[in-house]
Amino acid sequence: MKIELNITKANMFEWARNYCFVLPAIAIFSVFYIYPFYEIFNLSLHEWNGISPNRVYIGFENFKELMQDEVWWSSLVHAGYITLIALTFQNTLAFALALACDREIKLKKFYRVVFFIPPVLSEVVVGLIWQWILHAGVQGGEQIGLLNRFLDKIGLHHMVNDWLSDPKTALTCIAVVHSWKGFGWGFIILLAGLQTIDKQLYEAARVDGATSWQSFRNVTVPMMVPVILVVVILTVLGSMQVFVLILSMVNQGLVFHTEVPVTRILVAMTGTNRFGYACAMGINFGVVLIMISLLFKIISSRMKQA
Amino acid sequence: MKKIAHVVCVVIVGVAIFCNITGCVRTPPEKNVVTVWHWMTDRDQAFKELAARYEEQTGIKIKINLYAPSDAFSRKVVASAQAKVLPDIYGILGKKKIFASFIEGGFVVDLTAEFQKDNKQWEKSLFPKALAANRFVEGNVYNTPPGIYGVPIDVTNIQMLYNKKLLAKAGIKHPPKTFAELLAANKALARVGVSGLVSGFGEAWMAECFASNYAFNIMGQEKVFATYRGEVPYTDPDWLKVFTVFKTLTEEGVFARGIVTKGNKYAEQDFALERAAFSFNGSWCVNVYHKMNPNLEYGAMLPPAISTEYPMRIWGYAGSSFVVNNHSVRKDTAIAFLKWLTAAEQQAYLARETKNLPANRRALASVPDVLSDFAEVMDQTTHPSIWPLDESSLVLEKFDKGLQSIIIGEKTPEQIAQEVQEVKEREMAKQKRK
């Protein structure tokens with residue numbers, strides 16, 4: 001009986017010791033993840049202006065209103081459009097440049113540095129630079145904006161436009177600038193991936209009579225699939241959450257044409273002071289991002305199997 | 001040996017948890033140091049200079065912390081209020097409803113007794129209009145206990161500015177006083193390749209302010225307030241006239257290209273670099289233009305009136321104000337500093353250095369010449385912060401975005417009026433349900 005008690009004491013000590021080791025992780029996870037999420041969900045069930053001590057419980061009213069909020073859903077579509085441009089234009093550019101820099105070309109290191117400059121610049125700075133490039137004003141009959149001036153000089157007067165104040169072009173301009181700023185990340189990751197491909201595979205393909213295109217299609221692309229998937233996921237998550245660039249390029253936006261989910265959340269929190277509604281938006285947006293991530297995870301595992 | 005290792009591990013883990021917990025604990029406030037948070041980039045140096053003088057005189061250190069731009073400052077103040085880590089003195093930006101929420105939350109000291117001490121000496125030294133934005137009257141719509149809760153540092157108003165050189169170049173002898181004259185002036189300016197009006201309409205409140213000027217001019221204050229109460233619809237012919245002002249100014253090419261997404265900083269740059277003949281901006285611009293182009297020759301004018309039935313009313317009164325944190329352990333020291341800051345000598349220094357209209361009436365003599373145009377029309381000012389009622393922020397968002405839609409030619413004034421009215425009715429129904 002005495003021996004059993006000793007074993008129990010030892011087990012207790014072991015149990016306590018083990019929990020001591022995981023306690024900091026649990027504490028940090030609870031304080032910085034579980035509690036904020038609980039608080040966000042709790043706030044989403046209230047009407048609250050963010051300052052007042054009184055929060056009014058309104059149940060799922062914020063979520064109901066969100067379902068009917070056309071501006072919110074169109075903001076998700078806008079974020080999707082920016083993501084689509086980033087997935088195609090940005091990643092194609094990144095892959096093409098990575099392929100070029102993977103070869104033995106002159107000034108290879110210089111190009112690597114140059115291509116990585118846009119990602120390290122602040123989004124505010126990038127936004128302001130592009131705002132100047134796309135400036136629509138005229139002074140003394142001369143275009144002020146660099147793009148309009150260029151178009152004017154080469155005789156394409158009909159293409160001169162008010163780029164950031166035209167609903168047809170504003171979002172595309174933002175998407176292109178976002179891609180320009182972001183392609184450097186993809187470039188670096190893809191270049192690193194390309195450098196891990198065994199050169200002997202290309203040698204073997206060449207011995208078998210493969211053309212450059214066939215080598216690219218049958219060696220480079222299959223070997224790069226896992227890396228491309230990582231770049232795609234990072235691009236999607238980064239592009240869906242873009243907002244600083246938008247604020248610095250079009251301020252509070254062009255009507256609702258340049259709204260994305262994060263700008264809507266910001267407006268709800270600090271513009272219309274509806275913290276509860278902003279939290280409901282945040283939860284809805286989080287669910288959308290989780291669904292997209294899961295979709296890519298499924299695609300990724302299927303591609304790996306294939 | 002194994003047991004010792006276990007004990008050491010447990011101690012390390014315990015210390016780590018202790019450090020984590022104590023690391024989150026607030027540091028005790030420094031003695032004899034008053035912390036001030038503000039957003040006024042152009043006044044930061046002057047505030048720091050005054051803080052140094054105050055320390056020299058009293059031995060109390062004033063820590064001036066700048067957080068800009070203003071919207072980032074607003075977010076910081078709201079987040080700090082939620083975490084109860086506000087400084088001794090800070091500013092509250094935004095609508096009066098927000099100010100009222102801070103008071104309701106217990107974050108602001110009621111300064112009424114201080115203002116009324118010594119036969120209201122402090123209150124009398126300041127312009128009543130400067131105090132109005134910080135005053136809550138009996139029976140206000142926010143149910144805030146009546147009192148004065150903030151200390152004005154300066155007064156401001158928002159008007160149109162005109163470039164004297166560019167107007168002369170177009171053969172225009174005097175700035176336009178009527179809407180028709182503005183359109184005629186714009187035609188003359190266009191002939192010499194000069195853009196018309198530039199403003200920061202990318203910041204929605206500026207377009208709203210411009211529209212509000214014309215709303216007061218076209219239908220008068222009572223009808224504007226009746227609309228906010230829901231008694232007059234936004235589809236009323238007078239509101240259509242207000243929306244049509246934007247359509248006309250767009251169609252006549254008065255608005256400079258890109259105005260709809262332009263931030264005010266960029267608009268200020270365009271006017272200072274003589275890219276446009278007119279600007280719609282606040283009296284703070286005097287300092288900004290001076291820094292951007294000291295040789296700029298310009299004057300201030302009221303937005304040209306469209307109707308003679310009611311006077312043109314511009315936004316004014318509320319300049320920058322500071323409040324004292326109710327949770328501060330140095331409330332009295334903070335109040336003493338604000339009294340010193342709003343005294344004539346310090347106000348004169350601020351007016352000279354920052355080219356803003358002072359809140360202290362005795363410091364007005366120190367105002368630079370160019371500001372006198374702004375000072376002259378203070379009687380014609382009004383401001384949402386002193387209105388007895390508040391329009392729903394969702395209605396205002398629709399209104400502001402609607403103005404943008406009209407400027408880019410996407411929608412007609414009638415469509416926008418209808419859309420704004422729909423939101424208004426929805427909000428009123430929501431209020432009724434509550």
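Domain bounds, as used here, come from an automatic or database domain assignment. In this predicted model, that assignment divides chain B into domain 1, made of residues 33-156 and 317-379, and domain 2, made of residues 158-315 and 392-433. The centres of domain 1 of chain B and domain 2 of chain B, taken over C-alpha atoms, are separated by 29 Å. Where the two domains touch, domain 1 of chain B contributes 12 residues and domain 2 of chain B contributes 12 residues. On the side of domain 1 of chain B that touches domain 2 of chain B, 6 residues are nonpolar, 3 are polar and 3 are charged.

The domain division also helps to place the largest nonpolar core, which holds 163 residues. Within this core, A:Ile174 and B:Phe102 touch the most other members. Helix 9 of chain B, residues 204-229, supplies the largest share of the core, with 13 residues. Because domain 1 and domain 2 of chain B both give residues to this core, the core lies between them.

What surrounds A:Ile174, leaving aside its neighbours within four places in sequence? A:Ile174 is in contact with A:Ile82, A:Leu245, A:Ile246, A:Met249 and A:Thr258. Apart from the largest core lies another, of 13 residues, and its members include A:Phe115, A:Phe183, A:Phe187 and A:Val231.

The contact between the two chains takes 33 residues from chain A and 37 residues from chain B. On the chain A side, helix 1 (2-44), strand 3 (138-139) and helix 12 (261-271) each supply at least two residues. Helix 1 of chain A gives the largest share of that side, 6 residues. By class, the side of chain A that touches chain B consists of 16 nonpolar, 15 polar and 2 charged residues.

A closer view of chain B leads to strand 13, residues 321-324, which is covered on both faces. In a regular strand the side chains alternate between the two faces of the sheet. In strand 13 of chain B, B:Ser321 and B:Val323 lie on one side, B:Phe322 and B:Val324 lie on the other, and all are buried.

Which strands pair with strand 13 of chain B? Strand 3 of chain B, residues 89-90, pairs with strand 13 of chain B in the antiparallel sense over 2 bridges, and B:Ile89 stands opposite B:Val324. Strand 6 of chain B, residues 151-152, also pairs with strand 13 of chain B in the antiparallel sense over 2 bridges. Here the bridge partner of B:Val151 is B:Phe322.

Terms used. Residues are numbered from 1 along each chain as its sequence is written. Chains are lettered from A and ligands numbered from 1 in the order in which they are written. This is a predicted model: local features need pLDDT of at least 70, side-chain atom pairs count only at pLDDT 80 or more; totals for chains, interfaces and linings use all residues. A nonpolar core is a set of buried Ala, Val, Leu, Ile, Met, Phe, Trp, Tyr and Cys residues joined through C-beta atoms within 7 Å. A residue is buried if 20 or more other C-beta atoms lie within 10 Å of its own, exposed if 12 or fewer, and partly exposed in between; C-beta atoms are placed from the backbone. Helices (H or I, at least four residues) and strands (E, at least two) are DSSP runs, numbered from the N terminus. Two residues are in contact if their C-beta atoms, placed from the backbone, lie within 7 Å. Ala, Val, Leu, Ile, Met, Phe, Trp, Tyr, Cys and Pro count as nonpolar, Asp, Glu, Lys and Arg as charged, and the others, Gly among them, as polar. Two strands pair if DSSP finds at least two bridges between them.
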